[in-house]
Each structure stands twice: as structure tokens, then as C-alpha cells.
Amino acid sequence: MSGIAHDYMEKYLRNLIEENDEPLKGMEEYSEENHVPIVQQEVANFLKVMVTMKKPKKILELGTAIGYSSILMCKELNKQCEIVTIDRNDEMVKIAQENIEKYGYSENITIIHEECLEALEKLSESQKGEYDFIFMDAGKGHYNHFLPFCLELLKDDGIIISDNVLFRGMVATDDLVKRRKITIVKRMRKYLEMISKDKNLLTTIIPMGDGIAITTRRDSSV
């Protein structure tokens with residue numbers, strides 16, 4: 001369990017979620033068997049709801065892993081979207097590319113095999129304001145560094161979803177902080193302050209999974 005909500009709540013809510021069919025079910029089993037982290041069940045369901053509501057045409061994902069969340073979003077949108085996903089891990093990129101090709105998403109999902117910050121800097125030079133939806137799920141200690149680039153790449157009415165923002169509950173209380181995680185916790189707290197106190201942004205934080213933040217720009221015309 002995530003450590004930020006009561007176990008009985010998580011168990012109950014997860015039992016309400018409809019089981020995925022292939023290819024997602026197979027990827028979930030692979031993740032569990034090989035100890036590869038993917039989004040938690042309730043977060044995956046939340047992503048489905050958000051992309052269904054927003055209907056983004058262009059999505060940016062930070063953190064590809066085995067390609068699970070990219071495929072999940074693309075599948076939910078009936079392939080009526082373009083997804084760019086970034087990851088630096090050689091093994092994960094290889095597996096993700098195999099999954100994307102195997103399940104027929106090559107025309108919709110493009111992997112950038114690079115450090116997120118380097119890739120974001122390059123993208124921001126050529127694709128400013130092009131993304132409807134950004135899912136941040138990489139380098140938990142660098143969300144505050146990713147944010148300026150993501151805001152440049154985001155459309156005026158776009159949405160940023162940030163996963164793991166409560167980081168096993170450590171972000172919310174020092175009582176849970178482990179010494180080796182202090183830097184990540186401090187940086188995540190800074191990120192949450194950045195998106196919560198910026199007058200141009202509107203953010204809500206949900207204690208779901210490992211903590212999700214939803215950020216959008218305020219309507220400047222109001």
C-alpha cells in the first residue's frame with residue numbers, strides 16, 4: 001500500500017475498479033512479477049477519467065518505464081492522440097518500445113531516450129504551447145526543475161498531472177522521512193509550494209495512490 005491512506009480504504013477502492021483487459025492486464029502482471037514500478041491501480045483509473053474528460057490530442061509523459069501509462073492513455077483515447085514519452089533507462093526504453101510495437105501503438109507513441117531535463121529543454125525550443133496534457137512521473141527529486149519547461153510546453157488550457165507528490169507520506173510529515181530520502185522530500189515540498197502558491201496556477205492535491213497533484217493555469221480573462 002502507499003502509506004498515505006488507510007489500507008482498508010485503498011483495498012475497498014481498488015476492489016471497485018474494473019479489471020483491465022489486454023494489453024494492460026499482461027503488463028500489470030509483468031510489472032508485479034519483475035518488480036517494475038508502474039502507476040498504482042487507482043492512479044491508472046484516474047488517468048483514464050482525466051484523458052476521457054480532457055480528450056487531449058497531444059500528451060507529454062515524463063517517465064516511460066515499460067510503457068504502461070502511455071499505452072493506457074492512448075488506448076482510452078482510441079488512439080486519437082499523439083504521445084511523447086521520455087525515459088533515460090536503457091532497459092526500460094527497450095521493453096517499452098517492444099510493448100508499443102507489439103500492441104500496435106507505434107504510430108501514436110514516441111519514446112525519447114534521454115535525460116528528462118535535456119529532452120525538455122530541446123522540446124521547449126520547438127514545441128512551446130503544443131501539449132494539452134502532461135503526466136509527470138519521473139525523477140521525483142526534479143519535479144521543481146521540470147516545471148518551468150512543462151509550463152512552456154503546455155497549452156494555455158492544458159493540465160499537468162504529477163504523480164507521487166506525497167512520496168510515501170514523507171512530504172507531509174517529518175516523522176516519516178528517511179535520511180536517504182531527505183533531498184527528494186525537500187525538493188518535492190518545494191515543487192508543491194511552487195504549483196500551489198503561484199498566482200497564475202490553480203492546483204489541487206489528492207491523497208490517492210502516492211499523492212497526485214493536478215495543475216492548470218488560471219483564466220487570465222476573469
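The questions and answers below walk through a predicted model, from its sheet to its helices and a few single residues.

Biologist: What is the order of the strands in the open sheet?
Modeller: The sheet is open and has 7 strands. Its pairing is mixed. Strands pair through backbone hydrogen bonds, either parallel or antiparallel. The order is β3-β2-β1-β4-β5-β7-β6.

Biologist: Which strands stand at the edges of that sheet?
Modeller: Look for strands with a single partner strand. One side of such a strand has no neighbour in the sheet, because there is no second partner. The two edge strands are β3 (109-113) and β6 (201-206).

Biologist: By how many degrees are neighbouring strands of this sheet turned against each other on average?
Modeller: Direction is ignored here. The average turn between neighbouring strands is 15 degrees.

Biologist: Is strand β5 largely enclosed or largely open?
Modeller: Buried means under 20% relative accessible area. Strand β5 covers residues 154-163, and 7 of its 10 residues are buried. The rest of the structure surrounds the strand, so β5 is largely enclosed.

Biologist: Which residue of β4 stands opposite Ile-159?
Modeller: Strand β4 (residues 131-136) and β5 pair in the parallel sense. They share 5 bridges. Ile-159 belongs to β5, and the residue opposite is Phe-133.

Biologist: And which residue of β7 is the bridge partner of Ile-159?
Modeller: Strand β7 (residues 212-217) is joined to β5 by 5 bridges. These two strands run antiparallel. The partner of Ile-159 in β7 is Thr-216.

Biologist: Which helix makes a β-α-β unit with β4 and β5?
Modeller: The unit is right-handed. Its helix covers residues 143-153. That helix is α7.

Biologist: Which residue of β4 is the bridge partner of Leu-62?
Modeller: Strand β1 (residues 58-62) pairs with β4 in the parallel sense. There are 4 bridges between them. The partner of Leu-62 is Met-136.

Biologist: Which strands does helix α8 touch?
Modeller: Helix α8 (residues 182-197) packs on the sheet. Its direction makes about 130 degrees with that of β6. The strands touched are β4, β5, β6 and β7.

Biologist: How many residues of strand β2 are buried?
Modeller: Strand β2 spans residues 82-87 and is mostly covered. It runs parallel to β1, joined by 5 bridges. In one of these pairings, Leu-60 has Val-84 as its partner in β2. The buried count for β2 is 5 of its 6 residues.

Biologist: Through which helix does the chain cross from β2 to β3?
Modeller: β2 and β3 pair in the parallel sense over 5 bridges. Asp-87 has His-113 as its bridge partner in β3. The β-α-β crossover is right-handed, and its helix, residues 90-102, is α5.

Biologist: Are α3 and α4 oblique or roughly parallel to each other?
Modeller: Helix α3 (residues 41-54) and helix α4 (residues 68-76) pack at about 40 degrees, with their axes 9 Å apart. Roughly parallel would need an angle under 35 degrees. Their contact includes Leu-47 of α3 and Leu-72 of α4. The two helices are therefore oblique.

Biologist: Is the crossing of α2 and α4 left-handed or right-handed?
Modeller: Helix α2 (residues 24-34) packs on α4 at about 165 degrees, with the axes 11 Å apart. That makes the pair roughly antiparallel. The contact includes Met-27 of α2 and Ile-71 of α4. The crossing is left-handed.

Biologist: Is Asp-132 buried or exposed?
Modeller: Asp-132 sits in strand β4. Among the residues it touches are Lys-54, Lys-58 and Ile-159. The C-alpha atoms of Asp-132 and Ile-159 are separated by 6.4 Å, though the two are 27 residues apart along the chain. With a relative accessible area of 10%, Asp-132 is buried.

Biologist: Is Lys-55 buried or exposed?
Modeller: Lys-55 lies in the loop between α3 and β1. Lys-55 and Asp-132 are 77 residues apart in sequence and 8.6 Å apart in space, C-alpha to C-alpha. Exposed means over 50% relative accessible area. At 57%, Lys-55 is exposed.

Technical notes. Residues numbered from 1 in each chain as written. Predicted model: local features only at pLDDT ≥ 70, side-chain atom pairs only at ≥ 80, totals over all residues. Heavy atoms only, no water. Buried < 20%, exposed > 50% of the residue type's maximum accessible area, 1.4 Å probe, protein only. Pairing = 2+ DSSP bridges. Right-handed = clockwise from strand over helix to strand, strands pointing away. Axes fitted to C-alpha atoms, helices over the stretch in contact; angles between N-to-C directions. Parallel < 35°, antiparallel > 145°, perpendicular 65-115°, else oblique. Contact = heavy atoms within 4.5 Å. Left-handed = near helix turned anticlockwise from the far one by under 90°. Lists of a residue's contacts leave out its neighbours within four places in sequence.
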